[in-house]
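Open the model in your viewer and keep the selection box handy. We'll go stop by stop, and at each one I'll say what to pick and what you'll find.

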Amino acid sequence: MISAQVVHKTYIDGETQVHALRGIDLNIGEAEFLAIAGPSGSGKSTLLNIIGCIDTPDSGEVQIDGELVTGRKTRDLVEIRRAKIGFVFQNFNLIPVLTAYENVAMSLALLGLREAEIRERSMTMLAEVGLQGMEDRRPSRLSGGQQQRVAVARALVKEPLIVLADEPTANLDSETGEDVLKLMLELNSRLGTTFVFSTHDQMVMEYARRLCLLHDGLIVSDEHRSA
Ligand SMILES: Nc1ncnc2c1ncn2[C@@H]1O[C@H](COP(=O)(O)OP(=O)(O)O)[C@@H](O)[C@H]1O
Ligand SMILES: [Mg+2]
């Protein structure tokens, strides 16, 4: 489903160079529920952004669903991302002037679906994440946990092959964080969606079926657990 081979990424920040990824090899199969853990600065966000076609590596190859994405034009990457990947950001990244419903519906509108189908799927998805009755609220009138649920609904409504979530529980209290995680696990088993999280939250690591530890831009351990 996802394959990264010898992926390197260096950021140049003024005079200094930061070698954020130093040769990542990672293969992720269908319907995996995988957490990438590691201390702050270890390269988790960089890796997710590269897998998610938001950023590009300096060298190495990335394939998504059997398709080589490295070296492709930005326009192609946007297309691949829209069709196959749902992204959940740490700070939710909802559009403040849009309602919960509109934030979710937009990701289907971008796929060119018809209005009736957009409405049906968005309302169903919002109900699934427990936001029935709150569809017309803007993010400012939702709690952090509710906003993260909107973000999860937005990522999942298009039923992507892959959901990438960058520290999805970092801004949530532990109970709300666990609710969001259970929801993702449920969707993983029901829809077979591949989930990849970055985290340094112990609770998220416990839910993961596979745990990769990242340290200074390298995967230092990769552990599969039984369900
Ligand atoms: N846009 C950027 N410009 C310069 N340095 C960056 C940039 N993004 C990330 N870095 C650096 O790359 C390293 C890895 O960052 P990141 O992938 O955000 O790690 P994590 O998500 O694990 O905290 C850090 O040292 C960080 O400071
Ligand atoms: Mg990060």
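**Stop 1: the first hairpin**

Start with S1 and S2, which form a hairpin with two residues between them; click on Gly14 in the turn, where phi is positive, at about 65°. Before going further: this is a predicted model, in which local features need pLDDT of at least 70 and side-chain atom pairs count only at pLDDT 80 or more, while totals for chains, interfaces and linings use all residues. Residues are numbered from 1 along each chain as its sequence is written, and chains are lettered from A and ligands numbered from 1 in the order in which they are written.

The element names come from DSSP runs, numbered from the N terminus: helices are H or I with at least four residues, strands are E with at least two. Two strands pair if DSSP finds at least two bridges between them.

Now select 2-13 for S1 and 16-28 for S2. The two run antiparallel and are joined by 10 bridges. Put labels on Val7 and Ile24, which stand opposite each other in this pair.

**Stop 2: the rest of that sheet**

Add S4, residues 59-64, which pairs with S1 in the antiparallel sense over five bridges. Three residue pairs are worth labelling here:

- Ile2 has Ile64 as its bridge partner in S4.
- Ser3 stands opposite Gln63.
- Gln5 has Glu61 as its bridge partner.

Next, add S5 (residues 67-68), which runs antiparallel to S4 and is joined to it by two bridges. Ile64 turns up again here, with Glu67 as its bridge partner in S5. S4 and S5 make a hairpin with two residues between the strands, and Asp65 takes a positive phi near 50°.

With everything shown, you have an open sheet of four strands in the order S2-S1-S4-S5, with antiparallel pairing. S2 and S5 are at the edges with a single partner strand each, so one side of each is left without a neighbour in the sheet.

**Stop 3: ligand 1**

Which residues surround ligand 1? Select Tyr11, Asp13, Val18, Ala20, Gly38, Ser40, Gly41, Ser42, Gly43, Lys44, Ser45 and Thr46. A residue is near a molecule or strand if its C-beta atom, placed from the backbone, lies within 6 Å of it.

Colour that shell by class and you get three nonpolar, seven polar and two charged residues. Here Ala, Val, Leu, Ile, Met, Phe, Trp, Tyr, Cys and Pro count as nonpolar, Asp, Glu, Lys and Arg as charged, and the others, Gly among them, as polar.

S1, S2 and helix H1 (44-51) each supply at least two residues of the shell. H1 gives the most, with three residues.

**Stop 4: H1 and the second sheet**

Stay on H1. This helix lies across S1, S2 and S4, running at about 125° to S1. H1 also lies across S3, S7 (162-166), S8 (194-199) and S9, at about 155° to S8. Axes are lines fitted to C-alpha atoms, for helices over the stretch in contact, and angles run from 0 to 180 degrees between N-to-C directions.

Now show the sheet that S8 belongs to: six strands in the order S6-S7-S8-S3-S9-S10, open, with mixed pairing. The edge strands, each pairing on one side only, are S6 (85-88) and S10 (218-224). From one strand to the next, the twist averages 15°.

Zoom in on S3 (residues 33-37) and S9 (residues 210-215), which pair in the parallel sense over four bridges. Ile36 stands opposite Cys212 in S9.

**Stop 5: H3 and its helix neighbours**

Last, select H3 (residues 100-109) and H5 (residues 144-156), which pack at an angle of about 25° with their axes 8 Å apart. That makes H3 roughly parallel to H5, the term for angles under 35 degrees. The contact is made by Ala100, Asn103, Val104 and Ser107 of H3 and Val150, Ala153 and Arg154 of H5. Contact here means C-beta atoms, placed from the backbone, within 7 Å.

Swap H5 for H4 (residues 115-128): the axes of H3 and H4 come within 9 Å and cross at roughly 130°. Which residues make this contact? On H3, pick Ala100, Tyr101, Val104, Ala105, Leu108 and Ala109; on H4, pick Ile118, Arg121, Ser122, Met125 and Leu126. By class, they divide into nine nonpolar, one polar and one charged.

Conventions
Two residues are in contact if their C-beta atoms, placed from the backbone, lie within 7 Å. Angles under 35 degrees count as roughly parallel, over 145 as roughly antiparallel, 65 to 115 as roughly perpendicular and the rest as oblique.
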